[in-house]
Amino acid sequence: MTLDVPPDQKAQVCAVMTHGMQARIPHNRALGLEVIDYAASEVWMRLPYDAKLVGNPATGVLHGGAISSLMDAACGFATMIALGGPSPIATLDLRIDYLKPAIPGGDVIAHAHCFKITRHVCFVRGTAYVHDANDPIASVAATFARKARKPKKDGSP
């Protein structure tokens, strides 16, 4: 799958990415996470508001664990886009600072950017917001280990 497509085909690529993520990671499927846009080394993902994800029924605010899962997935996706496609990676570190509660009833959007790749580690940062990217509800800094690909049975790379 190539990510360099005309703008009118980008939604289709996002749908393929969402389907692949949800097929491989049941937790992300249960949360309803979806890829809504991407660029070189960047991704935007949505966590649809769902009452089953509310952490405090009195306020209707989403649980921080759901937002944490969204940000982990977005950081991983940004890393794979930066690496040029699906790659074996593992979260080494994920620090989330919650800045304020999400707005009850609103979808949460995560934007993640992989800004540095070394031989063994990828560095990512991002934010989550409800309506305004300039008014984030959380920020994230993460590192991912690059894992060696298993050799194919025929010995090809």
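**Exercise 1. In which strand is the place of Asp97? Establish its surroundings in this predicted model.**

*Solution.*
Step 1. Asp97 has its place in strand 5.
Step 2. The relative accessible area of Asp97 is 28%. Buried requires a value under 20% and exposed a value over 50%, so Asp97 is classed as partly exposed.
Step 3. With neighbours within four places in sequence set aside, the contacts of Asp97 are Ile137, Ala138 and Ser139.
Step 4. Between the side chains of Asp97 and Arg95 there is a polar contact of 2.8 Å.
Step 5. Ala133 lies 36 residues from Asp97 in sequence, and the C-alpha to C-alpha separation of the two is 16 Å.

**Exercise 2. Determine the strand order of the sheet and identify which strands stand at its edges.**

*Solution.*
Step 1. The open sheet consists of 6 strands in the order 1-2-6-7-8-5, with antiparallel pairing.
Step 2. Strand 1 (34-39) and strand 5 (89-98) each have a single partner strand, so one side of each lacks a neighbour in the sheet; these are the edge strands.
Step 3. On average, neighbouring strands are turned by 20° against each other, direction ignored.
Step 4. At one edge, strand 1 pairs with strand 2 (residues 42-47) over 5 bridges in the antiparallel sense. Ala39 has Glu42 of strand 2 as its bridge partner.
Step 5. Helix 1 (residues 10-24) lies across strand 1 and strand 2, and runs at about 130° to strand 1.

**Exercise 3. Describe the largest nonpolar core and state which element gives the most to it.**

*Solution.*
Step 1. This core has 40 residues, and Val43, Met45, Leu47 and Val108 have the most contacts inside it.
Step 2. Elements that give two or more residues include helix 1, strand 1, strand 2 and strand 6 (108-117).
Step 3. Helix 3 gives the most, with 10 residues.
Step 4. Beyond its neighbours within four places in sequence, Met45 contacts, among others, Met21, Leu70, Phe77 and Val108.
Step 5. In soluble globular proteins, nonpolar side chains tend to be buried together.

**Exercise 4. Characterise the protein chain as a whole: how many helices and strands does it have, and what is its radius of gyration?**

*Solution.*
Step 1. The chain has 3 helices and 8 strands, which follow the pattern α-α-β-β-β-β-α-β-β-β-β along the sequence.
Step 2. The radius of gyration is 16 Å, close to the 15 Å given by the globule rule for 157 residues, so the chain is as compact as a globular protein of that length.
Step 3. Of the 157 residues, 38% count as buried.
Step 4. Among contacts between residues at least 6 apart in sequence, 57% join residues at least 24 apart.

Conventions
Residues numbered from 1 in each chain as written. Predicted model: local features only at pLDDT ≥ 70, side-chain atom pairs only at ≥ 80, totals over all residues. Heavy atoms only, no water. Pairing = 2+ DSSP bridges. Helix = DSSP H or I, 4+ residues; strand = E, 2+ residues; numbered from the N terminus. Axes fitted to C-alpha atoms, helices over the stretch in contact; angles between N-to-C directions. Contact = heavy atoms within 4.5 Å. Core = buried A, V, L, I, M, F, W, Y, C linked by side-chain atoms within 4.5 Å. Buried < 20%, exposed > 50% of the residue type's maximum accessible area, 1.4 Å probe, protein only. Polar contact = N/O pair within 3.5 Å; in protein donor to acceptor, adjacent residues only side chain to side chain. Rg over C-alpha atoms; globule rule 2.2 N^0.38 Å.
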